[in-house]
Amino acid sequence: MIKVIGTVLTAVALLVGCGEKPADTTKGADVAKTVEPIDINMSLVFTQNELLTQELIKATDKIRERTDGGVNIKVYPGGQLPVYKDNLEQVVNGADWIAVEDLSYLGDYVPDFAALAGPMLYNSYDEYLAMMDTKLVADLTAEVEKKGIKVLNADYMFGFRHMITNKEIKSSADMAGMRIRVPGSQLFISTLTSMGAAPASLPFPETYAGVQQGVVDGLEGSILTMYSTKMYEVAKNMSLTKHFLGTVGLYISPKVWDKFTPEQQQIINEELAAGAISNTTELVKLDSEYTQKLQDLGVKFNEVDSAEFSKLTADVYNQFPAWSDDIRSRIGAELEKIRAAE
């Protein structure tokens with residue numbers, strides 16, 4: 001042992017004598033981690049020209065710029081890559097991937113998470129944003145991370161969802177038998193069924209043609225979606241049901257997240273948060289602007305019997321056995337606090 005130590009010391013002395021220092025392997029590993037670029041696919045169903053897509057492109061461009069290309073997030077809109085459940089599966093499987101999906105899809109992993117996207121919950125954008133800052137949501141976020149899904153940000157919204165059809169809808173009787181396109185989510189299917197419709201799961205890129213050809217009688221979506229995707233060309237009525245608030249979360253594998261340096265993680269968090277704020281600001285402006293533009297294009301807007309739809313959809317929270325029995329009351333309690341503080 002003494003001989004080995006002596007040999008090592010002699011080698012170090014020789015290096016010092018030559019004006020060299022022993023290699024710092026720890027430092028070298030950190031440099032390699034920083035320099036090696038990481039390519040990440042971001043998949044979303046929203047089309048290229050929709051506000052949410054544009055805001056995410058801006059945010060990821062800034063992340064790329066601030067990390068000197070070290071974090072290269074490539075945005076794939078319009079369902080070019082797997083979306084919905086398949087999107088989340090990429091994250092859970094540890095792919096270099098960010099899924100952009102409705103909170104309800106997290107319900108496949110932590111059931112109560114889906115209730116946060118339930119029907120007739122929020123009255124305003126601010127209420128939703130405040131809800132995302134509660135301990136209730138923090139606890140659910142910690143649970144879903146244990147399942148292989150890190151929630152990067154859940155503050156991105158695209159507006160309240162309404163009925164987009166060629167028929168004025170005021171009550172559940174008006175929706176009887178109508179085939180309405182919904183995402184492939186049981187929460188959406190249960191909600192639209194409770195409202196009187198016959199929900200039809202259809203890929204969003206096929207929805208325009210589906211309405212045009214009479215495969216479905218309409219869809220549910222936001223003002224921004226109706227305008228940005230030109231649905232007004234095939235459906236001329238929007239009934240303001242506000243049955244859901246359109247929101248999405250950005251999800252990544254914790255294992256992939258750990259590939260980034262702390263500095264890169266901070267930059268990602270900062271730019272995604274800034275992007276969410278920008279998105280909300282623009283959303284408020286565009287809600288008003290696009291409503292006027294749609295009216296100019298011949299779209300008619302009408303109010304509905306919100307009390308009836310709220311009553312009908314209340315039972316949706318009892319249709320998911322995996323949800324906690326008290327989840328609706330817990331969400332309601334948080335909303336009461338939020339509203340009392342306004």
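1. Start with the largest cavity of this predicted model. Its lining is made of 19 residues, and those nearest its centre are Val45, Phe46, Tyr84, Phe158 and Arg161. If you have the structure open, these five residues are a good place to begin looking. The space inside the largest cavity comes to about 240 Å³.

2. Where does the lining of the largest cavity come from? Strand 4 (150–165), strand 7 (218–221) and strand 8 (237–252) each contribute at least two residues to it. Sorted by class, the lining of the largest cavity holds 9 nonpolar, 6 charged and 4 polar residues. Keep strand 4 and strand 8 in mind, as both names return below.

3. How many cavities of 30 Å³ or more does the structure hold? There are 3 of them. The second largest has a volume of about 80 Å³ and is lined by 13 residues. Nearest the centre of this second cavity you will find Ala117, Gly118, Tyr122, Phe244 and Leu245. Strand 8 gives the most to this lining, with 4 residues. The class division for the second largest cavity is 9 nonpolar, 2 polar and 2 charged.

4. Now for the pockets. The largest pocket has a volume of about 200 Å³. Its lining has 14 residues, with Ser104, Gly107, Asp108, Gln186 and Phe320 the closest to the centre. Two elements, helix 5 (111–115) and helix 9 (186–194), give two or more residues each to the lining of the largest pocket. By class, 7 residues of this lining are nonpolar, 5 are polar and 2 are charged.

5. The second largest pocket has a volume of about 150 Å³. Its lining can be listed in full: Leu103, Phe113, Met132, Asp133, Val137, Thr141, Val151, Leu152, Asn153, Ala154 and Asp155. Helix 7 (135–146) and strand 4 are the elements that supply two or more of these residues. Which element has the largest share of the lining of the second largest pocket? That is strand 4, with 5 residues. The classes here are 7 nonpolar, 2 polar and 2 charged. Strand 4 thus appears in the lining of this pocket as well as in the lining of the largest cavity.

6. While you are at strand 4, have a look at histidine 162, which is found in this strand. Is histidine 162 buried or exposed? Its relative accessibility is 5%, so histidine 162 counts as buried, the cut-off for buried being under 20%. A polar atom of the histidine 162 side chain lies 3.5 Å from the backbone oxygen of phenylalanine 160. Leaving aside residues up to four places away in sequence, histidine 162 touches Leu219, Glu220, Gly221, Ile223, Met238, Ser239, Leu240, Thr241, Lys242 and His243.

7. Helix 3 (residues 51–66) offers a simple check of geometry. With 16 residues at 1.5 Å a residue, helix 3 should span 22 Å, and its end C-alpha atoms are 23 Å apart, so the two values agree. Several residues of helix 3 are buried, including Leu51, Leu52, Leu56, Ile57 and Ile63. Thr53, Glu55, Ala59 and Thr60 are buried in this helix too.

8. Just after helix 3 comes aspartate 68, with a positive phi of about 55°. Aspartate 68 has this positive value although it is not a glycine. Its place is in the loop between helix 3 and strand 2 (71–76). The relative accessible area of aspartate 68 is 74%, so this residue is exposed, since exposed means over 50%.

9. Lysine 230 also deserves a glance. This residue is not a glycine either, yet its phi is positive, at about 60°. Lysine 230 sits in the loop between helix 11 (223–228) and strand 8. With a relative accessible area of 43%, lysine 230 is partly exposed.

10. Last, a view of the whole protein. There are 15 helices and 9 strands. Of the 342 residues in the protein, 50% are buried. Among contacts with a separation of 6 or more, 76% join residues that are 24 or more positions apart. Histidine 162 in strand 4, with contacts to residues such as Leu219 and His243, is a handy place to see how parts of the chain that are apart in sequence come into contact.

Technical notes:
Residues numbered from 1 in each chain as written. Predicted model: local features only at pLDDT ≥ 70, side-chain atom pairs only at ≥ 80, totals over all residues. Heavy atoms only, no water. 1 Å grid on protein atoms, 1.4 Å probe; cavity = no way out; pocket = protein on both sides within 12 Å on 5 of 7 lines; lining within 4 Å. Points joined across faces, edges and corners; volume = space filled by probe spheres on them. Nonpolar A, V, L, I, M, F, W, Y, C, P; charged D, E, K, R; others polar. Expected span 1.5 Å × (residues − 1). Buried < 20%, exposed > 50% of the residue type's maximum accessible area, 1.4 Å probe, protein only. Polar contact = N/O pair within 3.5 Å; in protein donor to acceptor, adjacent residues only side chain to side chain. Contact = heavy atoms within 4.5 Å.
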